[in-house]
Amino acid sequence: MDEIREKITSLIKDGKAGSVLAIVKNGINVIPVQITAQNLDEVSNICLDERRYPIEKMLASVIDARDDSSPVGVVLRPCEKAAVIELHKLQHINMDDVILIDIDCSKELRDKCACDWKDDLVVKVKEGKGFLKDETLDTLESSTSRERWEFWSKHFARCIKCYGCRNVCPVCICKACCLEEADVVEKGELPPEFPIFHLARAVDVAGRCIDCGKCEEACPVDIPLRLIHKKVFRDFIRDFKYIPGASIDEKCPLDFIESIKEEGD
Ligand code: SF4
Ligand code: SF4
Ligand code: SF4
């Protein structure tokens, strides 16, 4: 913790970063704060406990609001760093504008998240093993399509269309969201039409989702949302040996669709 505080302080004092985005304690809550030379004492409030916040989503706004071109530091957990890599690939941010300040997660949080991030995931995939074992997903994959339909119908019947899953998702960044288009999702209908609402989101983040589980954590009615996204995440790893968020240079296999579109323009 002291090391992180010292690093942030020196980045700002030495002028290497114009500001640093971090999560700080605010009473019993945590909030994101942009630390600058003017409020450097906030460094002492930085929170590295198990509470998570969609800090990656705020990075683009902080970068856009800069008075000058100095980089913005940001304190990130391994999955959040992966999300920022995806945001760079989506051209939502430019990594040249960012100084990453890595933090590790506690063993407790790793167990709670069933997390394979950090180097473990990349190593496991390279060795052809690991693949994010998930017994519930394994069971679902081996069930019949009717059983899967019933499983998801039952869970999605509880959806109150609060958009919490979308709002918290670090790689869900479209300004105009298809989930708010009446011709995609009918207005005023609760629960939202199954499966289009949830399917549209899954398609939207396919190849970008970094399996952080923040969507599931945010869902007020305990829908196992991470399972849907983990299915796609795992398929990308298994079928394409592509790990969303692992490398800034590797292209998402779905990017060929964009290339075809560009060639057709
Ligand atoms: S998924 Fe959880 S444990 Fe893994 S990096 Fe993210 S916050 Fe940390
Ligand atoms: S796990 Fe959920 S919140 Fe995290 S990136 Fe994937 S879809 Fe978004
Ligand atoms: S967070 Fe849960 S209840 Fe809210 S829209 Fe998403 S799935 Fe539905």
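**Exercise 1. Helix H2 and the sheet**

Which strands does helix H2 lie across, and at about what angle does it run to E3?

Solution. The model is a predicted one. Find helix H2 at residues 56-64. Helix H2 lies across E1, E2, E3 and E4. Its direction is at about 175 degrees to E3. Now take helix H1, residues 2-13. Helix H1 also lies across E1, E2, E3 and E4. To E4, helix H1 runs at about 165 degrees.

**Exercise 2. Strand order and edges**

Work out the order of the strands in the sheet, then explain why one side of E2 and of E4 is left without a neighbour.

Solution. Start with the order: E2-E1-E3-E4, 4 strands in an open sheet. The pairing is mixed. Next, look at the edges. Strand E2 (29-35) and strand E4 (98-102) each have a single partner strand, so one side of each lacks a neighbour in the sheet. From one strand to the next, the twist averages 30 degrees. Then turn to E1 and E3. Strand E1 (residues 19-26) and strand E3 (residues 72-76) run parallel, joined by 3 bridges. Leu 21 stands opposite Val 74 in E3.

**Exercise 3. An aromatic pair**

Classify the pair formed by Tyr 163 and Phe 197, and state whether each residue is buried or exposed.

Solution. The count of aromatic pairs is 8. For Tyr 163 and Phe 197, the centres are 5.9 Å apart and the planes 55 degrees apart. That angle makes the pair tilted, because edge-to-face needs over 60 degrees and stacked under 30. Place the partners next. Tyr 163 sits in the loop between helix H7 (145-156) and helix H8 (164-168). Phe 197 belongs to helix H9 (residues 196-205). The two are 34 residues apart, so the pair links distant parts of the chain. Now check burial; the cut-off is under 20%. Tyr 163 has a relative accessible area of 16%, so Tyr 163 is buried. Phe 197 has 2%, so Phe 197 is buried too.

Which residues form one aromatic cluster? They are Trp 149, Phe 151, Trp 152, Phe 156 and Phe 194.

**Exercise 4. The shell around ligand 1**

List the residues that surround ligand 1, and find what gives the largest share of the shell.

Solution. The cysteines in the shell are Cys 79, Cys 105, Cys 113, Cys 115 and Cys 212. Arg 52, Arg 77 and Arg 110 are there as well. Pro 78 and Leu 109 complete the list. By class, 7 residues are nonpolar, 3 are charged and none is polar. Helix H3 (78-89) and helix H4 (107-113) each give two or more residues. The largest share, 3 residues, comes from H4.

Note on methods
Residues are numbered from 1 along each chain as its sequence is written. Chains are lettered from A and ligands numbered from 1 in the order in which they are written. This is a predicted model: local features need pLDDT of at least 70, side-chain atom pairs count only at pLDDT 80 or more; totals for chains, interfaces and linings use all residues. Side-chain values use heavy atoms; hydrogens and water are left out. Two strands pair if DSSP finds at least two bridges between them. Axes are lines fitted to C-alpha atoms, for helices over the stretch in contact, and angles run from 0 to 180 degrees between N-to-C directions. Contact means heavy atoms within 4.5 Å. Rings of Phe, Tyr and Trp (its six-membered ring) pair if their centres lie within 6.5 Å; planes under 30 degrees apart count as stacked, over 60 as edge-to-face and the rest as tilted. Buried means under 20% relative accessible area, exposed over 50%, partly exposed in between (1.4 Å probe, protein chains only). A residue is near a molecule or strand if one of its heavy atoms lies within 4 Å of it. Ala, Val, Leu, Ile, Met, Phe, Trp, Tyr, Cys and Pro count as nonpolar, Asp, Glu, Lys and Arg as charged, and the others, Gly among them, as polar.
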